[in-house]
Amino acid sequence: MKNFLQDIKTKIFADGADLKSIIEMNNNPLISGFTTNPTLMRKAGVNNYKNFALDVLSLINDKPVSFEVISDDFDEMERQALEISSWGKNVIVKIPITNTKKEISSSLVKRLCDAGVKINVTAVFTIEQMMKVLPNMSSAEAGYISIFAGRIADAGIDPLPIMAEAVEILSDHPKIELIWASPREVYNIIQADQVKCHIITATDDILKKLNLLGKDLSEFSLDTVKMFFNDAAAAGFNIFTDTEKYVVK
Ligand code: G3P
């Protein structure tokens, strides 16, 4: 079986909020960072933001971990960002590209970068948005821009040219890395690598399928046929009895 992963240069960050799986992923050499967001935290049943974050950071202190601000007001976001960033030297603060009023976060991005806070500008969907914040990240020692490739694809638009263009633009900004966020399938890792995207995030469901990379397709087909056969048997389906009750009269 061809080992796809050994040739992949794109770093993989685990995206989630389940502590058990974060612990597991911290032991996985393929994972070099972590991201989460308020939606994933809510889904995972987190009820105390700070305690959760400190728990994560007590386990992971040598890989970047992104936590997001939760205000809609830029001054309050700044206050939160400074607090979140004080929780650990490996903390990256996620700043949404706009607030809910569609006001761009570029001034806040500049203030935080100037203050030495490492940020991850999140929920970016277009190159135009990226170009509005990028000049304000020039003082950053390290920074990230997360383009939501999967959501772009959900909108029926191919994210690949957008990601390729973003990588090209960032070649003039060596301290800023592009994150392929919201992936939808394992193949996105290959695509991210093809366009030389620096990082891709992956949720648990994608991480669980990494072992399929390079799998022989005829073997995969056979496994699929076996799955149908085994599930039919386990369900006790029978084509030839009790059919009458399904006949539409
Ligand atoms: O890190 C961003 C990611 O969690 C969003 O994913 O699946 O909600 O588009 P999704």
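**S182, a buried residue with a positive phi.** At 12% relative accessibility, S182 counts as buried (under 20% relative accessible area with a 1.4 Å probe, protein chains only; over 50% is exposed, and anything in between partly exposed). This is a predicted model, in which local features need pLDDT of at least 70 and side-chain atom pairs count only at pLDDT 80 or more, while totals for chains, interfaces and linings use all residues. Residues are numbered from 1 along each chain as its sequence is written, and side-chain values use heavy atoms, with hydrogens and water left out. S182 sits in the loop between β7 (176-181) and α10 (187-194); helices (H or I, at least four residues) and strands (E, at least two) are DSSP runs. Its phi is near 55°, positive even though the residue isn't glycine.

**A123, another positive phi, this one in a strand.** Look for A123 in β5, which covers residues 119-124. Phi here is near 60°, again a positive value in a residue other than glycine. Most residues other than glycine have a negative phi. With 28% relative accessibility, A123 counts as partly exposed.

**The largest pocket, about 610 Å³ in volume.** A pocket is an open set of points on a 1 Å grid, with protein on both sides within 12 Å along at least five of seven lines, and lining residues have an atom within 4 Å of a point. Of the 25 lining residues, D15, N37, F148, R151 and S182 are the closest to the centre, so S182 from the opening view turns up again here. α3 (38-43) chips in with the largest share, four residues. At least two residues each come from α3, β4 (91-96), β5, β6 (143-148) and α11. By class the lining is a real mix: nine nonpolar, nine polar and seven charged residues.

**The second largest pocket, at about 220 Å³.** F4, E185, V186, Y187, I190 and K209 line this one, along with L212, L213, G214, K215, L217 and F220. Both α10 and α12 supply at least two residues apiece. Here the lining divides into eight nonpolar, one polar and three charged residues.

**K208, in the loop between α11 (204-207) and α12 (217-235).** K208 counts as exposed, because its relative accessibility is 63%. Measure from C-alpha to C-alpha and V186 is 9.5 Å away in space, although the pair are 22 residues apart in sequence. V186 is also one of the residues lining the second largest pocket.

**The largest cavity, holding about 30 Å³ of space.** A cavity is a set of grid points where a 1.4 Å probe fits but cannot get out. Searching the whole structure finds one cavity of 30 Å³ or more. Its lining is made of G16, I22, F34, T35, T36, F52, V56, V65, S66 and F67. β2 (31-35), α4 (49-59) and β3 (65-68) are the elements that give two or more residues, and β3 gives the most, with three. Six of the lining residues are nonpolar, four are polar and none is charged.

**Helices α5 (residues 74-85) and α6 (residues 106-114), side by side.** Their axes come within 10 Å and cross at roughly 30°. That makes α5 roughly parallel to α6 (angles under 35 degrees).

Note on methods. Points joined across faces, edges and corners; volume = space filled by probe spheres on them. Nonpolar A, V, L, I, M, F, W, Y, C, P; charged D, E, K, R; others polar. Axes fitted to C-alpha atoms, helices over the stretch in contact; angles between N-to-C directions. Parallel < 35°, antiparallel > 145°, perpendicular 65-115°, else oblique.
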